[in-house]
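Here are some exercises to work through with the structure open beside you. Try each task before you read its solution.

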Amino acid sequence: MGAPPPIRLPEVPPPHRAFLLRLEENKGIEHALNHGLGWILERGYEYVARLDVGDIPLPGRFLRQMEFLEENPEYALVGGQVQFVGLDGKEVFRERFPTEDAQIRRIMHARNCFIHPAVMVRAWALKEVGLYSDRYKAVEDFELFFRIMRRFKVANLPGYVVKCEVNPGGISLTKRRKQVLGRLKVMLHYFDPRIKESWLGLVKNLLLLFTPVPLVQALKQRLEGRRGWL
């Protein structure tokens, strides 16, 4: 009998490089985000993708977003659809976001059309519009997306790109009132009286100031699969 064929081990991809940046003082999330972006921009990276602790990128998320930006050079930012899960990993609700630039430009006046941990941005676009502002606490992403949208085209992929964790200790829940007030401040800054969504956005967020979080989540579950604006 001849020697058994050699065992073919699966190819192991090269390890990804990870860098941990530490700040000596907690000056808020805006400062931390800008510190990280400054580090990235100094090193000449072409794309920046967001992801928060507890959130899980779905297979192919980064590749699909990078391919979109490569194929559409006039676009500076691309997000995608998001599944929201609890701490146990079970789905709580899904939310659909508009995909086309024209839709987003209109609906952004009523709601944020991007989930922060689901976006990829061209680095040079950040150099042009600037980094996160510390004038919009808890909604620094919403304001930055508006600035990018005013200069460049933006889009969302039609497919799901990330599972976002609904954490009772997260900013969106523990500082909800502050976040709603921040959204109102952003909407007033970019208010356009010619667009009905500008008016709807103000009314919606004024109502949200007095609506309990569980009721908002229940409504999102009921509206799953539809074009919601909560």
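**Exercise 1.** In this predicted model, find which residue of strand E4 stands opposite Gln-83, then work out how the E3–E4 pair is built.

*Solution.*
- Step 1: Start at Gln-83 and look across to E4, where Arg-94 stands opposite.
- Step 2: Check the direction of E4 (residues 91–95); E3 and E4 pair in the antiparallel sense, over 4 bridges.
- Step 3: Follow the chain through the hairpin, which has 5 residues between the two strands. Gly-89 takes a positive phi there, near 85°.

**Exercise 2.** Which other strands pair with E3, and in which sense, parallel or antiparallel?

*Solution.*
- Step 1: Take E6 (residues 153–165); this strand runs parallel to E3, and 9 bridges join the two. To locate the pairing on screen, pick Val-82, which stands opposite Val-162 in E6.
- Step 2: Turn to E5 (residues 120–122), which pairs with E3 in the antiparallel sense over 2 bridges. Here Leu-77 stands opposite Val-121.
- Step 3: Now ask how well E3 (residues 75–85) is covered: 11 of its 11 residues are buried.
- Step 4: Keep in mind, as you look along the strand, that side chains in a regular strand alternate between the two faces of the sheet.

**Exercise 3.** Which residues touch the most other members of the largest nonpolar core, and which element gives the most to this core?

*Solution.*
- Step 1: Among the 38 residues of this core, those that touch the most other members are Leu-77, Met-108, Phe-114 and Ile-148.
- Step 2: List the elements that give two or more residues: E3 together with the helices H1 (29–42), H3 (101–107), H4 (123–129), H5 (140–151), H7 (176–189) and H8 (196–208).
- Step 3: From that list, choose H5, which gives the most, with 6 residues.
- Step 4: Zoom in on Phe-114. Leaving aside neighbours within four places in sequence, its contacts include Leu-77, Ile-104, Met-108, Phe-145 and Val-154.
- Step 5: Look for the second, separate core of 18 residues; Tyr-75, Val-78, Phe-97 and Ile-115 are among its members.

**Exercise 4.** The structure holds 10 salt bridges. For the one between Arg-111 and Glu-95, where does each partner lie, and what does the pair tie together?

*Solution.*
- Step 1: Find the side-chain meeting point, with N and O at 2.6 Å.
- Step 2: Place the partners: Arg-111 is in the loop between H3 and E5, while Glu-95 is in strand E4, so the pair ties together parts that are 16 residues apart in sequence.
- Step 3: Check the surroundings, and you will see that both residues are buried.

**Exercise 5.** Compare the salt bridge of Arg-147 and Glu-143 with that of Arg-50 and Asp-52. Is each partner buried or partly exposed?

*Solution.*
- Step 1: Arg-147 and Glu-143 meet at 2.8 Å, N to O. Both lie in helix H5, 4 residues apart, about one turn of the helix.
- Step 2: The cut-off for buried is under 20% relative accessible area. Arg-147 has 18%, so it is buried. Glu-143, with 3%, is buried too.
- Step 3: Between Arg-50 and Asp-52, the closest N and O atoms are 2.7 Å apart.
- Step 4: Arg-50 counts as buried at 14% relative accessibility, whereas Asp-52 is partly exposed at 32%.

Technical notes. Residues are numbered from 1 along each chain as its sequence is written. This is a predicted model: local features need pLDDT of at least 70, side-chain atom pairs count only at pLDDT 80 or more; totals for chains, interfaces and linings use all residues. Side-chain values use heavy atoms; hydrogens and water are left out. Buried means under 20% relative accessible area, exposed over 50%, partly exposed in between (1.4 Å probe, protein chains only). Two strands pair if DSSP finds at least two bridges between them. A nonpolar core is a set of buried Ala, Val, Leu, Ile, Met, Phe, Trp, Tyr and Cys residues joined through side-chain atoms within 4.5 Å. Contact means heavy atoms within 4.5 Å. A salt bridge is a side-chain nitrogen of Lys or Arg within 4 Å of a carboxyl oxygen of Asp or Glu.
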